[in-house]
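Subject: Handover of a structural model

Dear colleague,

Please find below the sequence and structure that I am handing over to you. I should be grateful if you would keep the model open while reading the notes beneath it.

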Amino acid sequence: MKRAAVIALFIALAVLSLPLLDPLTRARFFTGIVFGGGLALTLLVAGVLVALGGQISKKRGIRTIGVLAVVASAPLALAASWNADVYLRNTVTVVSPEQELLPETGLRAPYLVAERQASSNSSGTVGDITGTTYLAGDDTYATLVERRGWLGPGYETMIVQQLALTGQATGERCDFAPEANKRMNGVFANSLTRAIAGIDTSLIAKEADTWGYCDNGTPKIVVPVTKLENWIAPHDVPAGVVIYNGSTDTLELKPEIASGELPGPAVSISQSRRVNASLSTLNGGWWSTKILKSTGITDEPKDEDDTNLGSHSNFSLKYGEQQFGFFSPFTSRASSRTIDHVAVLDSSRVSAGANAIATLHTMQTPRQSNAATADKIKSDYSSLSDWATGMSVMEIVPGGEGVWHASIGQKQNVNYRVQLNADGSSCLLTATGNKLRCSNDAQQDPDTTPEGNTGSGLVDPTTLTNDQLKTLHEAIVKELHARITAE
């Protein structure tokens, strides 16, 4: 009888373990639960099983041991989470302006404009638009389009936008081969996540981190991956990137990526967010950080009308010859809304097993919140007629020590740029960079001197909206026709 019970138990365990033959299931079980849960989850599960065993066997001592294990798992989980945050925080180098200035960044078209224009440049596609990514390495925006069909049959195409600082984008297609049927949220054989797990079940790949680029006509999907370290207090460490070839349907794991090798991030935006979250522990203990929330910094917006609400942090910007990274403005977690820190995580390179290179810069002169800054821009340049037609401040990004760049315009078009300076002054520029006037200049009468006057009596046409340009064109044609008729 005992032998039959053992055989039945063995068969049951074998049946239950069959799903582990699938690499994705195995990865999610061991990486996501066993290793990801760490010692705390192990203690919790073991405690529950011991307590149930003690209850069934009616042995009070065993049941008590199980209950104590369950109770101990809660503070252990909190301690593990805290230690993981502290570990990531300690990988960030904190510098003052005297030690190192915030690097000067290159300009980019606002992310939300590119996202909105992607649909306008998707003519000829029948798929569904998914994530848009700014590729700082070659100053383009790439948008993936998923095929429609059962089981998520891969990506149809990629729309690469050469987005100027003003005007409409020009989009080019980069089509996937019909046999390239994998994508991150695909099912069974169409699952790129499963294919990555087939390379190494310890790799962690997320759909939110996936981006694509066109390599001389060949569409390629890049998935920055991580691995877990330290079973007692698990934390993520970069493990390189997986590159999926959209023409050959093949994958390659690259543990090392040098600056300039890829046009987009080799370190995932998820990893940048984890590092940013760990900075809430800056200059504080567990009690002041987690309970009182009186210390640390955060990159989360505190105003509902924050102009950067749709893309408030992790700005991908170029700041060197072949360097680019995630720039994240920070405010105090206590009550302040001023931006007094900027974290820079170098995403242009990665080395498996090594933490991303991240620096937290302390601002010499803190800046007002985005909401307050947007209100000041509207006040300083209230004579712009475009405010009445729905123009708004679209994005405020770091430009270097004491310098910030704001884009203002309509949903799919940038009309002006504003350079914000450390002393609180600002300058209004055309979208292409020509200076119009500054906030500390003598105020001009909007009825006699239009915004956009270049000082030579001419209006810069790049500062006009489409409707204004159309009106100007009609007025010019009408005047020419009147003069020709008079002659």
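The notes below go from the whole chain to its sheets, helices, salt bridges and selected residues.

Overall composition

Please bear in mind throughout that this is a predicted model. The protein chain has 487 residues, of which 46% count as buried. Its secondary structure comprises nine helices and 21 strands. About 24000 Å² of the protein chain is exposed, and carbon and sulfur atoms supply 58% of that area. Where contacts in the protein chain are between residues at least 6 apart in sequence, 56% of them join residues at least 24 apart.

The two four-stranded sheets

One open sheet of four strands follows the order β2-β3-β4-β5, with antiparallel pairing. Its edge strands are β2 (128–135) and β5 (170–175), each of which pairs on one side only. From one strand to the next, the twist averages 25 degrees. Within this sheet, strand β3 (residues 140–146) and strand β4 (residues 155–162) run antiparallel and are joined by six bridges. L144 stands opposite M158, which belongs to β4.

Another open sheet of four strands has the order β6-β7-β8-β9, and its pairing is likewise antiparallel. Because β6 (211–215) and β9 (250–254) each have a single partner strand, they stand at the edges, and one side of each is left without a neighbour in the sheet. Neighbouring strands here are turned by 30 degrees against each other on average, direction ignored. Strand β8 (residues 235–245) runs antiparallel to β9, and five bridges join the two. For Y244, the bridge partner in β9 is L251.

Helices against the β6-β7-β8-β9 sheet

Two helices lie across strands of this sheet. Helix α5 (residues 192–199) lies across β7 (218–229), β8 and β9, and runs at about 55 degrees to β9. Helix α6 (residues 269–278) lies across β7 and β8, at about 165 degrees to β8. The buried residues of α6 are S270, Q271, S272, V275, N276 and S278. These buried residues pack against β7 and β8, and also against α3 (60–89), β1 (92–95), β13 (324–332) and β14 (339–346).

The N-terminal helices and α5

A27 lies in helix α2. With a relative accessibility of 8%, A27 counts as buried. Leaving aside neighbours within four places in sequence, A27 is in contact with G32, A197 and T201. A27 and A197 are 170 residues apart in sequence, yet their C-alpha atoms are 6.4 Å apart in space.

A salt bridge joins the side chains of R194 and D22, at 2.8 Å from N to O. R194 lies in helix α5 and D22 in the loop between α1 and α2, so this pair ties together parts that are 172 residues apart in sequence.

The loop between α1 (2–17) and α2 (23–57) also holds L21. L21 is exposed, with a relative accessible area of 65%. Together with I7, F10, I11, V15 and L18, L21 makes a nonpolar surface patch of about 650 Å².

Further salt bridges

The structure holds 14 salt bridges. One of them pairs K290 with D85, the closest N and O atoms being 3.5 Å apart. This pair links distant parts of the chain, with K290 in helix α7 and D85 in helix α3, 205 residues apart. K290 is partly exposed at 32% relative accessibility, whereas D85 is buried at 16%.

R183 forms a salt bridge with E146, with 3.8 Å between the closest N and O atoms. Since R183 lies in the loop between β5 and α5 and E146 in strand β3, the pair ties together parts that are 37 residues apart in sequence. Both R183 and E146 are buried. In addition, a network of salt bridges links E156, R173 and D175.

Positive phi values

Two residues other than glycine may merit a look at their backbone. N216, in the loop between β6 and β7, has a positive phi near 55 degrees. N216 counts as exposed, at 77% relative accessibility. K293, in the loop between α7 (286–291) and β11 (297–298), also has a positive phi near 55 degrees. K293 counts as partly exposed, at 45% relative accessibility.

With kind regards

Conventions:
Residues numbered from 1 in each chain as written. Predicted model: local features only at pLDDT ≥ 70, side-chain atom pairs only at ≥ 80, totals over all residues. Heavy atoms only, no water. Patch = residues over 30% accessible without salt bridge, like charges linked within 9 Å, V, L, I, M, F, W, Y side chains within 5 Å. Areas by Shrake-Rupley, 256 points an atom, 1.4 Å probe, with all protein chains shown as cover. Salt bridge = Lys/Arg side-chain N within 4 Å of Asp/Glu carboxyl O. Buried < 20%, exposed > 50% of the residue type's maximum accessible area, 1.4 Å probe, protein only. Pairing = 2+ DSSP bridges. Axes fitted to C-alpha atoms, helices over the stretch in contact; angles between N-to-C directions. Contact = heavy atoms within 4.5 Å.
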